[in-house]
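Good morning, and thank you for making time for this presentation. I would ask you to look first at the sequence and the structure, and then to follow me through them.

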Amino acid sequence: MDAIERLSITEDLRRLMARYVRYADHQRWQDLANLFTPDGTFTPHKPDGSVWLHMEGREGIAATVGAGGGPGVTLVHHLFSDEIDVDSATAAHGVWAMEDIITRPEDAAVSEDIPFRGMHGFGHYHARFVKTNGSWYIAELKQTRVRLDFTN
């Protein structure tokens with residue numbers, strides 16, 4: 001693989017992750033889930049390294065991430081400092097520094113899965129990508145945290 005092919009794949013993956021955060025911010029959960037392979041996984045972790053949630057498959061991802069949204073919820077995601085490694089013409093992996101802010105309405109229910117009305121988080125997305133039928137998809141996405149600040 002030459003440098004131009006590698007750079008082209010890198011740009012495709014940057015754009016894929018940009019769509020991911022845009023769809024999240026606009027609460028387009030099915031569009032976000034469709035960025036994953038049919039059996040893709042998404043696993044956010046807590047700052048202590050323990051698993052917060054584990055989602056499998058497009059429908060599971062759409063339903064679970066969508067449960068935290070809704071009327072009055074504002075989501076803001078930022079990605080920074082990508083490190084993308086192209087393994088082949090159909091496989092790659094990467095890490096993005098990330099920040100997210102979630103603001104929920106004053107009357108929003110607080111639960112074990114969503115223990116806040118406001119959250120400001122910092123961490124990293126670790127992604128594994130595959131190219132199928134001419135398009136790149138997220139096969140596995142892991143979100144690790146270095147800090148989470150909650151308000152109630």
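I shall begin with the sheet, continue with the helices, and end with the core and its aromatic rings.

Please keep in mind throughout that this is a predicted model.

Let us start with the sheet. Six strands make up an open sheet, and their order across it is β2-β1-β6-β5-β4-β3. The pairing in this sheet is mixed. Which strands stand at the edges? They are β2 and β3, the latter covering residues 74-88. Each of these has a single partner strand, so one side of each is left without a neighbour in the sheet.

I turn now to the β3 end. β3 and β4 form a hairpin, with two residues between them. The two strands pair in the antiparallel sense over 12 bridges, β4 being formed by residues 91-103. Two positions may help you to find the register. Val86 has Ala92 of β4 as its bridge partner, and Ile84 stands opposite Gly94 in β4. Moving one strand further along, β4 and β5 run antiparallel and are joined by 13 bridges. Here, His93 has Arg128 in β5 as its bridge partner.

Between β4 and β5 there is a loop, and Glu112 has its place there. Is Glu112 buried or exposed? Its relative accessible area is 75%, and a residue counts as exposed over 50%, so Glu112 is exposed. In sequence, Glu112 and Trp52 are 60 residues apart, yet their C-alpha atoms are 9.9 Å apart in space. I would also point out Arg104, whose charged end sits over the ring of Phe116, 5.9 Å from the ring centre.

We come to the helices. Helix α1, residues 3-25, lies across β1, β3, β4, β5 and β6. With respect to β3, α1 runs at about 160°. One residue of helix α1 deserves a closer look, namely Thr10. Its relative accessibility is 10%, so Thr10 counts as buried. Apart from residues up to four places away in sequence, Thr10 touches Ile84 and Val86. You will recall these two from the pairing with β4, where Ile84 stands opposite Gly94 and Val86 is the partner of Ala92.

Helix α3, residues 57-67, lies across β1, β2 and β6, and runs at about 40° to β1. Which residues of α3 are buried? They are Gly57, Ile61, Ala62 and Val65. An α-helix has 3.6 residues a turn, so residues three or four places apart point the same way. The buried residues of α3 pack against α2 (29-33), β1 (36-44) and β2 (55-56).

Next, the core. In soluble globular proteins, nonpolar side chains tend to be buried together. In this model, the largest nonpolar core has 37 residues, of which Tyr20, Leu32, Phe42, Phe129, Ile138 and Leu141 touch the most other members. At least two residues of this core come from each of α1, α2, β1, α3, β3, β4, β5 and β6. The largest share, eight residues, is supplied by α1. Take Leu141 as an example: leaving aside neighbours within four places in sequence, its contacts include Met17, Tyr20, Phe36, Phe42 and Tyr125.

Several of those names return in my last topic, the aromatic rings. How many aromatic pairs are there? The count comes to seven. In the pair of Tyr20 and Phe36, the ring centres are 6.4 Å apart and the planes stand at 65°; planes over 60 degrees apart count as edge-to-face, and so this pair is edge-to-face. The pair links distant parts of the chain, with Tyr20 in helix α1 and Phe36 in strand β1, 16 residues apart. Tyr20 is buried at a relative accessible area of 3%, and Phe36 counts as buried at 0%.

Tyr20 also pairs with Tyr125: the centres are 5.4 Å apart and the planes at 80°, so this pair too is edge-to-face. Since Tyr20 lies in helix α1 and Tyr125 in strand β5, the pair ties together parts that are 105 residues apart in sequence. Tyr125 is likewise buried, with a relative accessible area of 1%. Taken together, ring pairs link Tyr20, Phe36, Phe42 and Tyr125 into a cluster.

That concludes my presentation, and I thank you for your attention.

How values were computed:
Residues numbered from 1 in each chain as written. Predicted model: local features only at pLDDT ≥ 70, side-chain atom pairs only at ≥ 80, totals over all residues. Heavy atoms only, no water. Buried < 20%, exposed > 50% of the residue type's maximum accessible area, 1.4 Å probe, protein only. Helix = DSSP H or I, 4+ residues; strand = E, 2+ residues; numbered from the N terminus. Contact = heavy atoms within 4.5 Å. Pairing = 2+ DSSP bridges. Axes fitted to C-alpha atoms, helices over the stretch in contact; angles between N-to-C directions. Core = buried A, V, L, I, M, F, W, Y, C linked by side-chain atoms within 4.5 Å. Phe/Tyr/Trp six-rings, centres within 6.5 Å; stacked < 30°, edge-to-face > 60°. Lys NZ or Arg CZ within 6 Å of the ring centre and 35° of its normal.
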